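Visitor: I have not looked at this one before. Can you take me through it in small steps?

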Amino acid sequence: MQRSVKNTMPLVFVLLVGIGISACKKNVFIAHPSSNPEAIFNEVWNVMDQRYSFFVLKNVDWKAQYDSFHQVVNDQMSEEDLFKTISEMLKTVHDGHVSLISGFDTSVYTGFYIPYSRNFNLINVYDFYLTKPIKHYGPIAFNIIDSVGYAYYHSFNDMLNESDVDSLVNALQGLKGLVLDVRANFGGNSENVDRLCRRFIDQELVVYYEKSKTGTGHNDFSEPHPHHLKPQGMAYKMPIVVLTNRTCYSACNDFAAFMSTLPNVTILGDQTGGGGGLPFEYILANGWRLGYTGSITLSPSLEPIEQGVYPDNFVYIDPIDEIQGIDPIIDSAVHLIHRL
Amino acid sequence: MRIKTRQTQIYLNLCRLLPTALFISLTLGVVAQKSTKPQFYASAGFLAGNVSTRDGYFSAIPFTGPAYGAVATVGMSQRRSSHEISFRFISSHTEAETMEGQTMDQFYFKGSYTFLYLVTDPAKSFKFSAGAGADFQDANRAYNKFINNHLSYEFIASANIAALVSYDIQKGPNKLIISDQVHIPFLSALKQPLLGGTDGQWQTGSWALVQYVSNELKIEKGFGGHHQVGLGYLLNYYAFQTDREVTEVQQLIEVKYAYHF
């Protein structure tokens with residue numbers, strides 16, 4: 001009996017050790033990253049230095065930003081002060097896709113629209129242009145203004161189904177054209193951009209090109225990779241006016257860039273806000289989330305669109321018009337379609 | 001702020017397994033044997049344990065969690081030499097160690113060939129074997145809660161040196177074997193995505209590129225000449241220092257059954 005117990009002892013030992021280790025929630029073989037202020041600051045700077053895509057295009061001296069902001073970083077500073085310091089450093093790249101999120105605060109660059117006139121008033125749009133009988137095709141609000149279809153798409157983050165676009169196209173039958181309003185649309189899912197755009201084309205086209213980072217250098221990018229789009233159903237070939245402003249950003253910016261290349265499309269309003277690159281995320285050692293742009297999106301004509309897309313005609317909303325509920329951008333679009 | 005998202009997809013390219021398969025075949029063919037009768041065996045087993053991964057592209061924080069899998073082995077041994085081909089898959093569900101809800105699922109597959117030559121006296125209880133092998137390991141990871149880039153993978157094919165120490169305890173017709181086998185690579189080829197995308201890029205190098213140690217501590221007990229059951233502790237560690245550096249540790253308990261023909 002004693003011998004058999006002895007024989008099984010190694011077995012029991014291995015079993016206990018194995019079970020003990022596998023039950024651990026932390027692994028002793030992988031070193032945990034340091035999360036003191038100095039380490040976090042360096043982690044942010046390094047991730048941005050190696051992966052951010054617009055240092056060259058925007059002529060940002062990132063090393064100079066390190067030298068400038070690193071001076072105030074020390075291990076005695078509070079989390080809040082560190083957050084502010086890093087946020088200020090990140091804002092020097094002037095990019096709405098660059099963000100810092102902690103449990104107590106969020107920092108996002110808003111300089112692409114805050115200093116500029118909004119050129120959009122949602123209340124006026126609903127009170128005076130999307131009046132009853134308003135229709136909703138998924139996330140798109142629709143009305144007919146003077147024999148012209150007016151469609152407002154608030155966010156490409158709101159899912160657009162094929163049936164929604166079918167309904168929109170059907171509603172346009174017999175009308176003189178379409179005013180497609182994407183003002184205050186901060187972007188979202190690019191699939192919704194594709195789903196909408198493919199109804200306006202009758203042959204396969206390149207919607208945009210993407211250049212990805214291939215290395216850690218500021219100029220290490222792949223060749224432009226085209227994103228093709230195939231038509232879906234009968235192409236809508238009547239005049240289309242797309243309304244934009246500074247808050248048309250990211251996927252909305254891509255949409256405006258592509259639509260501007262179609263022969264029956266006019267872009268009206270203010271220039272878009274930009275956001276011409278794919279956003280990515282990284283989790284810092286202290287759990288904060290760093291958002292950064294990691295690619296360069298190019299228009300179908302291979303131009304960077306990070307700085308925004310210019311309209312064919314600049315039209316602004318005068319403050320007095322806004323008080324009176326008038327949206328000169330919508331009015332101009334409807335008049336333009338009647339003239340075409 | 002709403003930001004654009006795009007779908008990304010990664011496909012397993014089976015063609016990349018070909019070089020390793022060729023290497024295995026060649027190695028099997030060139031090893032000469034003396035004229036003792038070969039013994040063949042096959043085994044299958046279950047794995048359960050813990051996987052921890054630090055994929056520096058996503059975070060410096062390790063993702064750790066439970067894992068389970070299976071292993072299948074076929075082998076042939078003669079008086080002093082042995083050949084073994086083994087396949088192992090491990091599925092793990094991990095979570096960032098300091099962030100609840102930030103999860104990553106990984107599917108890992110490894111195939112290996114090992115040739116060992118018994119250096120010490122076959123009649124002695126204590127045995128030491130040394131040899132070489134080749135293996136490939138493929139890890140595919142899917143992260144949640146990351147915008148746009150939530151997939152990652154690596155494929156590593158390596159030539160390695162191998163060593164086995166074992167101690168036999170013979171009890172009549174039954175035998176208890178305690179063994180420890182280790183593999184350390186000397187030449188590796190690594191394929192992983194480029195820094196900012198999903199397109200793969202090959203890199204080759206020695207220990208400086210891919211560092212790994214695969215160690216298996218086992219207790220096996222034979223019954224009646226043909227049957228054998230075993231219990232093992234498997235430690236697989238690998239790391240590579242590239243633009244997208246990855247460190248992974250797998251610790252698994254292995255329970256397996258082998259049949260000797």
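Visitor: Let's start with B:Y117. Is B:Y117 buried, partly exposed or exposed?
Guide: This is a predicted model. In it, B:Y117 is partly exposed, because its relative accessibility is 39%, and buried would need a value under 20%.

Visitor: Where in chain B is B:Y117 found?
Guide: B:Y117 belongs to strand 4 of chain B, which covers residues 103-118.

Visitor: Which residues form a nonpolar patch on the surface?
Guide: B:Y117 is one of them, together with B:V119, B:F126, B:F128, B:V165 and B:Y167. Their accessible area together is about 540 Å².

Visitor: Which strands each supply at least two residues of that patch?
Guide: Strand 5 (126-143) and strand 6 (151-171) of chain B.

Visitor: Stepping back, how many helices and strands does chain B have?
Guide: Chain B has 1 helix and 11 strands. From the N terminus on, the helix comes at the start and the strands follow, as α-β-β-β-β-β-β-β-β-β-β-β.

Visitor: And what share of chain B is buried?
Guide: Of the 261 residues in chain B, 55% are buried. The chain exposes about 11400 Å², with 64% of that supplied by carbon and sulfur atoms.

Visitor: What about contacts between residues far along the sequence?
Guide: Take the contacts in chain B between residues at least 6 apart in sequence: 64% of these join residues at least 24 apart.

Visitor: Give me one residue as an example. What is B:G230 in contact with?
Guide: Leaving aside neighbours within four places in sequence, B:G230 is in contact with B:I219, B:E220, B:E254, B:V255 and B:K256. B:G230 itself sits in strand 10 of chain B.

Visitor: Is B:G230 buried or exposed?
Guide: Buried, because its relative accessibility is 11% and the cut-off for buried is under 20%.

Visitor: How far is B:G230 from B:D180?
Guide: The two are 50 residues apart in sequence, and 13 Å apart in space from C-alpha to C-alpha.

Visitor: Change of topic: how much area do chain B and chain A bury between them?
Guide: About 4500 Å², of which 60% is on carbon and sulfur atoms. Strands 1, 7, 9, 10 and 11 of chain B each supply at least two residues of the side that touches chain A. The largest share of that side, 5 residues, comes from strand 1 of chain B.

Visitor: How many residues does each chain bring to the contact?
Guide: Chain B brings 46 residues and chain A brings 63.

Visitor: How many salt bridges and polar contacts are there between the two chains?
Guide: The count of salt bridges between chain B and chain A is 0. Polar contacts across the interface come to 11 residue pairs, both residues at pLDDT 80 or more.

Visitor: And how many salt bridges over all chains?
Guide: The whole structure has 19.

Visitor: Start with chain B. How do B:R141 and B:E248 meet?
Guide: Their side chains form a salt bridge, 3.8 Å from N to O. B:R141 lies in strand 5 and B:E248 in strand 11 of chain B, so the pair ties together parts 107 residues apart in sequence.

Visitor: Are B:R141 and B:E248 buried or exposed?
Guide: B:R141 is buried at 2% relative accessibility, and B:E248 is buried at 0%.

Visitor: Now chain A. What does A:D327 pair with?
Guide: A:D327 forms a salt bridge with A:R183, and the closest N and O atoms are 2.8 Å apart. The pair links distant parts of the chain, 144 residues apart, with each residue in a loop. A:D327 is buried at 2% relative accessibility, and A:R183 is buried at 0%.

Visitor: What about A:K63 and A:D67?
Guide: Their side chains meet in a salt bridge of 3.0 Å, N to O. The two are 4 residues apart in helix 3 (residues 62-70) of chain A, so about one helical turn separates them.

Visitor: How accessible are A:K63 and A:D67?
Guide: A:K63 is partly exposed, with a relative accessible area of 46%. A:D67 is also partly exposed, at 39%.

Methods. Residues numbered from 1 in each chain as written. Chains lettered and ligands numbered in written order. Predicted model: local features only at pLDDT ≥ 70, side-chain atom pairs only at ≥ 80, totals over all residues. Heavy atoms only, no water. Patch = residues over 30% accessible without salt bridge, like charges linked within 9 Å, V, L, I, M, F, W, Y side chains within 5 Å. Areas by Shrake-Rupley, 256 points an atom, 1.4 Å probe, with all protein chains shown as cover. Salt bridge = Lys/Arg side-chain N within 4 Å of Asp/Glu carboxyl O. Buried < 20%, exposed > 50% of the residue type's maximum accessible area, 1.4 Å probe, protein only. Contact = heavy atoms within 4.5 Å. Buried area = accessible area lost by both parts, 1.4 Å probe. Polar contact = N/O pair within 3.5 Å; in protein donor to acceptor, adjacent residues only side chain to side chain.
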